Amino acid sequence: AVPPAPPAPSALADNDVYREARALVEAVLHLHPDVGRALVLAFERGYLDVPFCLHPDNAQRSRSYVDATGRLLWSDVGRMPLRGVAEVRPAGRMTAEEFRLALNHVAHTFDHRAAALPGGGTGNPDGAEPGRHR
């Protein structure tokens, strides 16, 4: 079976996630002509910052949370070039318990959906784990 064609770029332009991703990609690409060096600079400057990521190269200034409907929102974009692009809703500091609940919500939501797929969510219609053969 042939996978469906991706949506036209004009349709994606109205998507919040697309606009945020585009702003990040464009900002990174303007840092240096070599993409590898641009990525290193982006993390050094906080242009790329993953909430709650413990990696030492991560700035740890951005924060996000999952709202009651399961939507991932920014509460602080740190130094990422998302001001005026992303919706930011200050929510205060997330407690460890709130973080655990958010992770559980996401895991349960997507694990249940994945389990209902052919192959039990492994990505393989025959149910084999990726990289394993039956």
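**Exercises on a predicted model**

Strands E1 (residues 63-66) and E2 run antiparallel and are joined by 4 bridges, where strands (E, at least two residues) and helices (H or I, at least four) are DSSP runs numbered from the N terminus, and two strands pair if DSSP finds at least two bridges between them. The model is predicted, so that local features need pLDDT of at least 70 and side-chain atom pairs count only at pLDDT 80 or more, while totals for chains, interfaces and linings use all residues. Residues are numbered from 1 along each chain as its sequence is written, and side-chain values use heavy atoms, with hydrogens and water left out.

**Exercise 1.** Determine which residues of H2 are buried and where they lie around the axis.

*Solution.* Begin with burial, meaning under 20% relative accessible area (over 50% is exposed, in between partly exposed; 1.4 Å probe, protein chains only): in H2 (residues 16-29), the buried residues are Glu-20, Ala-23, Leu-24, Ala-27 and Val-28. These residues cover an arc of only 125 degrees, taken from the directions from the helix axis to the C-beta atoms, which puts them on the same side of H2. Finally, the elements covering them include helix H3 (35-45) and strand E2 (72-76).

**Exercise 2.** Describe the surroundings of Asn-58, in the loop between H3 and E1.

*Solution.* First, Asn-58 has a relative accessible area of 6% and is buried. Next, leaving aside neighbours within four places in sequence, Asn-58 is in contact (heavy atoms within 4.5 Å) with Phe-43, Leu-48, Asp-49, Val-50 and Cys-53.

Definitions and conventions
Expected span 1.5 Å × (residues − 1).
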